[in-house]
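Biologist: Please take one part of this model and look at it closely, working outwards from a single residue to the helices around it. I would like the cut-off for each term that you use.

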Amino acid sequence: MFSGSLKRLKDALRGGLTPDKLALTLCIGLAVGVLPVLWGATLLCMGIGQRLRLNHCVLQAVNYLLYPLQIALFVPFCLLGERFFPWGPRIPENLFPALLAGRPSAGLHLLAWVAVKAVAAWFVTAVPLSACLYPPLLAVLKRRNA
């Protein structure tokens, strides 16, 4: 009884996607799911899914499943961005305590730099990694589908 319900759920989530589209959906969901901009991943998934005609349920499910990883990778992306892109103001170690102490205007421009550098580091690392995962994932999905 449970296996029949699980099969119906899997069929509904796949939504008639070919292995190509399913692999693309999973790779895009993976890349966008770890984007170091907490508010933007859902909107970006919606836009990309609409543009490429991907399954929104699968795309958002992958995005939301990766939310803990997105939070965990936020600081590493910030540090990597600082290392890759050393221009602009240096990010002081006391930035977040200063913001919490009631001087938000002093650090808002630094927060903007943190976000830009973190997204740049994401673009340099997560996007190519996702592109590299597409061929093996596609091969697995085609083998399972056959």
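Modeller: Gly49, leaving aside its neighbours within four places in sequence, is in contact with Leu54, His56 and Leu59, where contact means heavy atoms within 4.5 Å. This is a predicted model, in which local features need pLDDT of at least 70 and side-chain atom pairs count only at pLDDT 80 or more, whereas totals for chains, interfaces and linings use all residues. Residues are numbered from 1 along each chain as its sequence is written, and side-chain values use heavy atoms, with hydrogens and water left out.

Gly49 is placed in helix 3; helices here are DSSP runs of H or I with at least four residues, strands are runs of E with at least two, and both are numbered from the N terminus. With a relative accessible area of 1%, Gly49 is buried, a term that stands for under 20% relative accessible area, with exposed meaning over 50% and partly exposed the range in between, for a 1.4 Å probe and protein chains only. From C-alpha to C-alpha, Gly49 is 8.9 Å from Ile28, although 21 residues separate the two in sequence.

Ile28 leads to the packing of helix 2 (residues 19-33) against helix 3 (residues 41-52), whose axes are 10 Å apart and form an angle of about 155 degrees. The two helices are therefore roughly antiparallel, since angles over 145 degrees receive that name, those under 35 count as roughly parallel, those from 65 to 115 as roughly perpendicular and the rest as oblique. The axes are lines fitted to C-alpha atoms, for helices over the stretch in contact, and the angles run from 0 to 180 degrees between N-to-C directions. Helix 2 and helix 3 pass each other in a right-handed crossing, in the sense that the near helix is turned clockwise from the far one by less than a right angle, an anticlockwise turn being left-handed. On the helix 2 side, Lys21, Leu24, Ile28 and Val32 take part, and they meet Ala41, Leu44, Cys45, Ile48 and Leu52 of helix 3. By type, the residues of this contact of helix 2 with helix 3 are eight nonpolar, no polar and one charged, where Ala, Val, Leu, Ile, Met, Phe, Trp, Tyr, Cys and Pro count as nonpolar, Asp, Glu, Lys and Arg as charged, and the others, Gly among them, as polar.

Beyond helix 3, the chain enters the loop that holds Arg53, and Asn55 is found in the loop between helix 3 and helix 4 (56-65) as well. Arg53 counts as exposed at 71% relative accessibility, and its phi is near 55 degrees, a positive value in a residue other than glycine. Most residues other than glycine have a negative phi. Asn55, by contrast, is buried, with a relative accessible area of 11%, and its side chain reaches the backbone nitrogen of Val58 at 3.3 Å.

Val58 is also one of the residues through which helix 4 meets helix 2. Helix 2 and helix 4 pack at an angle of about 35 degrees with their axes 8 Å apart, and their crossing is right-handed. Helix 2 contributes Leu22, Thr25, Leu26, Ile28, Gly29, Leu30, Val32 and Gly33 to this contact, and helix 4 contributes Val58, Leu59, Val62 and Asn63. The residues of the contact of helix 2 with helix 4 divide into eight nonpolar, four polar and no charged.

Asn63, in helix 4, is buried at 3% relative accessibility. Not counting residues up to four places away in sequence, Asn63 touches Gly29, Val32, Gly33, Ala41, Thr42 and Cys45. The side chains of Asn63 and Gln60 are joined by a polar contact of 3.2 Å, that is, a pair of N or O atoms within 3.5 Å, of which, within protein, one must be able to donate a hydrogen and the other to accept it, residues adjacent in sequence counting only if both atoms are side-chain atoms.

Ile28 has a further partner in Ser130, which lies in helix 7 (residues 104-145). Ser130 is buried, with a relative accessible area of 6%, and, apart from neighbours within four places in sequence, is in contact with Cys27, Ile28 and Ala31.
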